[in-house]
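The exercises below are to be worked with the sequence and the model side by side. Each task is followed by a solution in steps.

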Amino acid sequence: MEELLTLRELLIKGDMSGALAIVDELEEMSKDDKINNIRSYAVVLLMHLIKQQAENRTTRSWDLSIRNSIRSIQTKNKRRKAGGTYLNTDELRLAILEAYPEALDRAATEVEEGRYTPKELAKLVNRDEISDRAIILISTNLED
């Protein structure tokens with residue numbers, strides 16, 4: 001809110017360069033918020049993809065959680081008025097990779113009832129395959 005008041009003051013004064021700097025800052029804050037939201041949903045998505053690969057099976061509950069996470073990521077990433085997305089594929093991939101360690105930690109508590117440490121589980125699964133699968137799923141229209 002403080003940034004908006006500062007922006008207003010700068011516009012009234014005619015300080016366009018100062019106003020544009022505030023707009024850039026607001027845009028960055030908004031993008032950071034989107035990234036954090038997407039990352040949270042990515043943790044859940046990746047956790048279930050890790051469990052699927054580690055246990056070579058799935059459950060209806062995991063599948064539902066995966067679909068819900070994908071929908072949430074797609075919704076958060078969509079620019080409603082301007083069209084397009086907040087994060088491009090490379091930025092989305094980076095968010096997925098940043099979420100992976102937390103997802104691995106969570107999955108380790110569930111795979112085979114917590115049999116593996118995160119380090120041991122990491123050796124059983126392929127991070128790149130799981131991350132690529134996550135990107136493909138997020139990029140796919142679920143309504144088809």
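**Exercise 1.** Which side chain meets that of Glu 55 in a salt bridge, and at what N to O distance?

Solution. The model is a predicted one, in which local features need pLDDT of at least 70 and side-chain atom pairs count only at pLDDT 80 or more, while totals for chains, interfaces and linings use all residues. Residues are numbered from 1 along each chain as its sequence is written, and side-chain values use heavy atoms, with hydrogens and water left out.

Step 1. Apply the rule: a salt bridge is a side-chain nitrogen of Lys or Arg within 4 Å of a carboxyl oxygen of Asp or Glu.
Step 2. The partner of Glu 55 is Arg 57, with an N to O distance of 2.7 Å.
Step 3. Classify both ends by relative accessible area: buried is under 20%, exposed is over 50%, and partly exposed lies in between (1.4 Å probe, protein chains only). Glu 55 counts as buried because its relative accessibility is 17%. Arg 57, at 42%, is partly exposed.

**Exercise 2.** How many salt bridges does the rule give, and which parts of the chain does the pair of Asp 132 and Arg 93 link?

Solution. Step 1. The count comes to 7 salt bridges.
Step 2. In one of them, the closest N and O atoms of Asp 132 and Arg 93 are 2.8 Å apart. This pair links distant parts of the chain, since Asp 132 lies in helix 6 (residues 127-139) and Arg 93 in helix 4 (residues 89-108), 39 residues apart. Helices here are DSSP runs of H or I with at least four residues, strands are runs of E with at least two, and both are numbered from the N terminus.
Step 3. Both ends are partly exposed: Asp 132 has a relative accessible area of 37%, and Arg 93 has 28%.

**Exercise 3.** Which residues are joined with Arg 106 into one network by salt bridges that share partners?

Solution. Step 1. Begin with the bridge between the side chains of Arg 106 and Glu 102, at 2.9 Å from N to O.
Step 2. Place the two residues: both are in helix 4, 4 residues apart, about one turn of the helix.
Step 3. Add the shared partners: Arg 39, Glu 102 and Arg 106 form one network.
Step 4. Check accessibility. Arg 106 counts as partly exposed at 38%, and Glu 102 is partly exposed at 28%.

**Exercise 4.** Where is the nearest side chain of opposite charge to Glu 3, and what does Glu 3 touch?

Solution. Step 1. Glu 3 is placed in helix 1 (residues 2-13).
Step 2. Lys and Arg count as positive and Asp and Glu as negative, while His and the chain ends are not counted. The nearest side chain of opposite charge is Arg 8, 14 Å away; Glu 3 is buried and has no salt bridge.
Step 3. List the contacts, meaning heavy atoms within 4.5 Å. Apart from neighbours within four places in sequence, Glu 3 is in contact with Ile 22, Glu 25, Leu 26 and Met 29.

**Exercise 5.** Are Ser 65 and Ile 70 buried or exposed?

Solution. Step 1. Ser 65 lies in helix 3 (residues 60-77), and Ile 70 is found in helix 3 too.
Step 2. Ser 65 counts as buried at 18% relative accessibility. Ile 70 is buried as well, at 1%.
Step 3. Look at what lies around them. Beyond residues up to four places away in sequence, Ser 65 touches Val 44 and His 48. The C-alpha atoms of Ile 70 and Ile 38 are 9.5 Å apart, with their positions 32 residues apart in sequence.

**Exercise 6.** Where in the chain is Arg 115 found, and how far is Arg 115 from Pro 101 in space?

Solution. Step 1. Arg 115 sits in the loop between helix 4 and helix 5 (118-124).
Step 2. Its relative accessibility is 56%, so Arg 115 counts as exposed.
Step 3. Arg 115 and Pro 101 are 17 Å apart, C-alpha to C-alpha, and 14 residues apart in sequence.
Step 4. Setting aside neighbours within four places in sequence, Arg 115 has contacts with Ala 108 and Glu 120.

**Exercise 7.** What secondary structure does the chain have, and what share of its residues is buried?

Solution. Step 1. The chain has 6 helices and 0 strands.
Step 2. Of its 144 residues, 32% are buried.
Step 3. The C-alpha trace spans about 65 × 35 × 20 Å along its principal axes.
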